[in-house]
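Here are a few short exercises to work through with the structure open beside you. Try each one before you read its solution.

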Amino acid sequence: KILKVIGTGGSGHNMFAVNESASDFTTVTGYNYRIGDAKFNNGVSCLKYINGYTFIGLRDGKLLKVNVTGGSGHNMFAVNESNSDFSTVAGYNYLVGDAKFNGYVKGMIYVLGYTFIWFNNGKMLKINGTGGSGHNMFAVTESNSDFSGIAGYNYYIGVASFLGSVQSVNFVGGYLFIGFVNGKMLKINGAGGSGHNMFAVTESNIDFSGIPGYNYYVGCAYFGLFIVADIKYYYGYLLICLNSGSNGAILKILNVGGSGHNMFAVNQSGNSFTNIQGYTYYVGDASFGSGVTGINVIDGKSFVEFQNGHLLKSNGVAGSGHNLFAVNEIANSFTGVAGYNYYIGEQYF
C-alpha cells in the first residue's frame, strides 16, 4: 500500500488521521490530511520522485511510472495491474509507463541527466533521462547477467553486474559512491560510462580495480561482514552507515576521501576504525550494539536509525574520534557522555 497525505500531516497518535483496512485507507471524520492511496499485488520496494515523475517499484519486479504524484481517492494512480504490467483506467492520464524486470528495484537516483536503477540481483541499469512511456518504458532486453538496448531507442546507456546487490548510492563532489550488501564500496568519476560494465571495473571478493584505458574507477573500500546501508554527505563530511544486524557503526570521513584500495585510509577492527598514519581522511567513528540502517540531518540535527527500532537524535554531525556522538549505550537506551553536547534524545520503537 501507498498512502498520500497533505504536507506532513498532523500530530498526536494517528497523526495522519486515517483508518486502515486490508485494501486501503479512509479519512477520520473531521480531518483532511489524506489525499489518496493505492494497493498493489506485491510489496513496494522503491518509491522515488524524479523530474516530474513518481516511480514505484514492486517486489515482483514491476516498475510503475506516473505523472507528478498521481491523483486522489482509492487507486490514486488510476491503473489496472496484471502479472506483467499496468494499464490506465479510462478517463485518467496518470500512467506514463512501466517495466518488468527479473529482479526487483531496490533504489533509484538521478545523476547528471541519467537515471540509475539498482536491483536485488546485483545489476545496475543506467538510463538516459527518465526513459520513455508504455510497456518496457526503457526499451531494454534483459538477460541473466545484463541488459541491452532495443534498436531505434536511445534510453539505454549501460549496465553493471556485481557480485553483491547494491544497497546505497549517493552522488557527492562529482563522484558516484556505491555501497553493497557484501561490505564493499565503490567510488566512480562522474556518472561512469556506457555499455556492459559501464564503470569499467574488475571485481574480486573484497575490492575493485579499474580497467586500463578508462578513468571511471577512483577507489574502493571493504568493510567485511557489514552492509553499507547508507551513504550521506553533510557539512563537508561523508557519513557511512554500516549494518551487520547484531551490531553497526558510522564512519565519518573528511570531504570525499581519497582513491585506490582502502580509499578512506582506515584500519578496521570489528565495528571500530583507526586512522592510517600519514592520511587525513578519517575524522571519527561510532560503534553500536545494533546495525545502523541510515542517517538523516534535519534542521541541524542528526537522526540515526538502527536495525532494532532505535532512533538517536544528535546535534549536527557530532564530533571526532571514537564514539563521535559521545553517548553511552546500555541495552536499548542511550545517555550523553558528560562534558559533550551532541546527545539530544532518542526514541525506541
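**Exercise 1.** Leaving aside its neighbours within four places in sequence, which residues is lysine 184 in contact with? Work out too whether lysine 184 is buried or exposed.

*Solution.* Keep in mind that this is a predicted model.
- Step one, find the residue: lysine 184 sits in strand β21, which covers residues 184-189.
- Step two, list its partners beyond four places in sequence: Leu163, Ile178, Gly179, Glu203, Ser204, Asn205, Ile206, Asp207, Phe208, Ala221, Tyr222 and Val228. Glu203 and Asp207 are among them.
- Step three, check the accessibility. The cut-off for buried is under 20% relative accessible area. Lysine 184 comes in at 1%, so it counts as buried.

**Exercise 2.** Do the same for glycine 321: what is its relative accessible area, and which residues does it touch?

*Solution.*
- Step one: glycine 321 belongs to strand β36, residues 321-322.
- Step two: its relative accessible area is 25%. Partly exposed is the band between under 20% (buried) and over 50% (exposed), so glycine 321 is partly exposed.
- Step three: setting aside neighbours within four places in sequence, its contacts are Tyr282, Val283, Gly284 and Asp285.
- Step four, look further afield: glycine 30 is 291 residues away along the chain, and the two C-alpha atoms are 51 Å apart.

**Exercise 3.** In what order do the strands of the open sheet containing β1 run, and which are its edge strands?

*Solution.*
- Step one: the order is β1-β4-β8, three strands with mixed pairing.
- Step two: β1 (2-5) and β8 (73-74) are the edges, as each of them pairs on one side only.
- Step three, zoom in on one pair: β1 runs antiparallel to β4 (residues 34-38), with four bridges between them. Within that pair, leucine 3 faces aspartate 37 of β4.

**Exercise 4.** Now zoom out: how many helices and strands does the protein have, and why can it be called as compact as a globular protein of its length?

*Solution.*
- Step one: count zero helices and 39 strands.
- Step two: compare the radius of gyration, 22 Å, with the 20 Å that the globule rule gives for 349 residues; the two are close, so the protein is as compact as a globular protein of that length.
- Step three, add the box: the C-alpha atoms fill roughly 65 × 60 × 30 Å along the principal axes.
- Step four, check burial: 46% of the 349 residues are buried.
- Step five, tally the charges: there are 18 positive and 17 negative side chains, and the centres of the two sets lie 4 Å apart.

Conventions
Residues numbered from 1 in each chain as written. Predicted model: local features only at pLDDT ≥ 70, side-chain atom pairs only at ≥ 80, totals over all residues. Heavy atoms only, no water. Helix = DSSP H or I, 4+ residues; strand = E, 2+ residues; numbered from the N terminus. Rg over C-alpha atoms; globule rule 2.2 N^0.38 Å. Buried < 20%, exposed > 50% of the residue type's maximum accessible area, 1.4 Å probe, protein only. Lys, Arg positive; Asp, Glu negative; His and termini not counted. Charge placed at Lys NZ, Arg CZ, Asp CG, Glu CD. Contact = heavy atoms within 4.5 Å. Pairing = 2+ DSSP bridges.
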